[in-house]
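Dear colleague,

Please find the structure below, handed over for your own work. My findings on its core, strands and cysteines come after it.

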Amino acid sequence: MKRWPSPDPLPVALMTPTTERVESQNQFNAAANVAQDQLRRVLVAWIGRKAWKISGNGGAVAKLAAELKDLSDAAGWNQQGQPFVCVLCRHGCIKAFFRGTFAGCQLSSDLYLGRVDDDGILTRLDEIERLRTDHTVAEVKNATERAYELESEARKLRRSVAVFSHR
């Protein structure tokens, strides 16, 4: 039985990001880093204290909710044309959903802030993971091309051992 030839798919035209798109991502990342710093400054005082309601509908305890609302008002978040920030807790992980429009691009990211135990006590703040603010068009283009090359190589390797995975 003769096998059909299985050449690698034709190379697709890789998207080259525009300067505006890269700049908007860098601006977004800088704003998200500032928001993360501000939120951590509020939360650091809550380590070892009950910060999150576990029963009912959950949510931050009233005093923390008020502090987060004050921060949101002072920073201008959650207002028309400004970034949207929502702090939530899922499976013991406190994070902020950060969304905004920068240079015409709607972008969003989760900012991981800390952990609460089963009683809602803030046990620790997570390590700070800074979002990069210095991406360049050339760097993104090179990384995209390299990723495509690696994916193509992986497809070839999987194809070369595919016969061993069939029963």
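The notes below set out what was found.

This is a predicted model, in which local features need pLDDT of at least 70 and side-chain atom pairs count only at pLDDT 80 or more, while totals for chains, interfaces and linings use all residues. Residues are numbered from 1 along each chain as its sequence is written, and side-chain values use heavy atoms, with hydrogens and water left out.

The largest nonpolar core (buried Ala, Val, Leu, Ile, Met, Phe, Trp, Tyr and Cys residues joined through side-chain atoms within 4.5 Å; buried means under 20% relative accessible area with a 1.4 Å probe, protein chains only) has 27 residues. Leu-39, Leu-64, Ile-94 and Leu-122 have the most contacts inside this core. At least two core residues come from each of helices H1 (19-43) and H2 (62-75) and strands E1 (84-90), E2 (93-102), E3 (105-116) and E4 (122-125); these are DSSP runs, of at least four residues for helices (H or I) and at least two for strands (E), numbered from the N terminus. H1 gives the most, six residues.

Strands pair if DSSP finds at least two bridges between them. E2 and E3 are antiparallel over 10 bridges, with Lys-95 partnered by Tyr-112 in E3. E3 and E4 are antiparallel over three bridges, and Val-116 stands opposite Leu-122 in E4.

There are zero disulfides (cysteine sulfur pairs within 2.5 Å). The cysteine sulfur nearest to that of Cys-93 belongs to Cys-89, 7.1 Å away.

Kind regards

Conventions: Buried < 20%, exposed > 50% of the residue type's maximum accessible area, 1.4 Å probe, protein only.
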